[in-house]
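Open the model in your viewer and keep the selection panel at hand. The tour moves from one chain to its core, then to the contact between chains.

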Amino acid sequence: MEFVAFDWWTQFVRWGHIISGIMWIGHLWYFNFTQTPTMPKIPAELRPAVVRFILPEALFWFRWGAMFTLGFGLVLAYMNGYLVNAIKLGIGDGNHKFTAIGIGMWLGTIMWFNVWFIIMPNQNKVMGVTSATPDEINAARRTAGLASRINTMLSIPMLYGMVFAGHYY
Amino acid sequence: MPVIADDHRQTRICGAKLSERMLRFAARGRERDKKESGMDSLLNNLWATIIAGFVLTVIEILVIHAIH
């Protein structure tokens, strides 16, 4: 009987949100914890291999992971009926959970914006997808790196808000 | 016009010390421009970024409890 009442769609969307989120944050942490600190140690003649082959593939899963995480997350919040409460950060609702998940949602949205509108356009210049002068490429590399580091910093409170909303408050 | 030229020359000749000082001043300005901002240096250090993330988490917890 309980099995029949099991909410398949909510479970599917929640699972999609989690899997996409791991895909996104996993790549974000790969860039910041592994690739960026290792690049200066890689011999100059080998670096193009990273930029031409590994980076575009990693960025593909990274940006679409971000997109699906946001999409599934918004649908999940709507299906569970707390989308508006979370956007309002639970102010006036008297519920810790809405504030926690709301902060997580806002931080996640800022991070998603960084991915699609700051990191990707600048990485496209670095990878040569869009044309740019050497000075513009250097500036783009720095901007993309800083935005990526900001996302790494924000990922920590974002994950706290997401996970603890369901398990602590 | 000759007056301006003379003034300029005088500054360059008589102000040898002044010029050095000016050069040092200009160099200091350039060095300052090259220096990273606080945000840059924070984000260029991976461990500082992680610590900042945990500090933000503590602030987040305080905000959650402050709202309720």
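What percentage of the 169 residues of chain A count as buried? The share is 40%. Keep in mind throughout that this is a predicted model.

**Stop 1: chain A as a whole**

Select chain A and colour by secondary structure. You should see six helices and zero strands. Read from the N terminus, the order is α-α-α-α-α-α. Now show the C-alpha trace alone. Its extent along the principal axes is about 60 × 35 × 25 Å.

Switch on the surface. Chain A exposes about 9700 Å², with 70% of that supplied by carbon and sulfur atoms. Then turn to contacts within the chain. Among those with a separation of 6 or more, 71% link residues 24 or more positions apart.

**Stop 2: the core**

Hide the surface and look for the largest nonpolar core, a set of 29 residues. Which members touch the most others? Select Trp24(A), Phe62(A) and Met111(A).

Next, colour the contributing elements. Four helices of chain A give two or more residues each: H2 (8–38), H3 (47–80), H5 (96–127) and H6 (134–167). H5(A) provides the largest share, with 11 residues.

Centre on Met111(A) and show what surrounds this side chain. Leaving aside residues up to four places away in sequence, Met111(A) touches Trp24(A), Ile25(A) and Leu28(A), and also Asn151(A), Leu154(A), Ser155(A) and Met158(A). Trp24(A) thus appears twice on this stop: as a neighbour of Met111(A), and among the three core members with the most contacts to other members.

**Stop 3: where chain A meets chain B**

Bring chain B into view. How many residues does each chain put into the contact? Chain A gives 23 and chain B gives 21. Together they bury about 1900 Å², and carbon and sulfur atoms account for 74% of this area.

Select Arg149(A), Met153(A) and Ile156(A). These three supply 32% of the area that chain A buries against chain B, more than any other three residues. Do not search for salt bridges here: the count between chain A and chain B is zero.

**Stop 4: a patch on the outside**

Bring the surface back for both chains. Select Ile91(A), then add Trp47(B), Ile51(B), Val55(B), Ile59(B), Val63(B) and Ile67(B). Together these residues make a nonpolar surface patch of about 670 Å².

Where does Ile91(A) sit along its chain? Trace the backbone of chain A: Ile91(A) lies in the loop between helix H4 (83–87) and H5. From there, follow H5(A) back to the core, where this helix gives 11 residues.

Terms used
Residues numbered from 1 in each chain as written. Chains lettered and ligands numbered in written order. Predicted model: local features only at pLDDT ≥ 70, side-chain atom pairs only at ≥ 80, totals over all residues. Heavy atoms only, no water. Core = buried A, V, L, I, M, F, W, Y, C linked by side-chain atoms within 4.5 Å. Buried < 20%, exposed > 50% of the residue type's maximum accessible area, 1.4 Å probe, protein only. Contact = heavy atoms within 4.5 Å. Patch = residues over 30% accessible without salt bridge, like charges linked within 9 Å, V, L, I, M, F, W, Y side chains within 5 Å. Areas by Shrake-Rupley, 256 points an atom, 1.4 Å probe, with all protein chains shown as cover. Salt bridge = Lys/Arg side-chain N within 4 Å of Asp/Glu carboxyl O. Buried area = accessible area lost by both parts, 1.4 Å probe.
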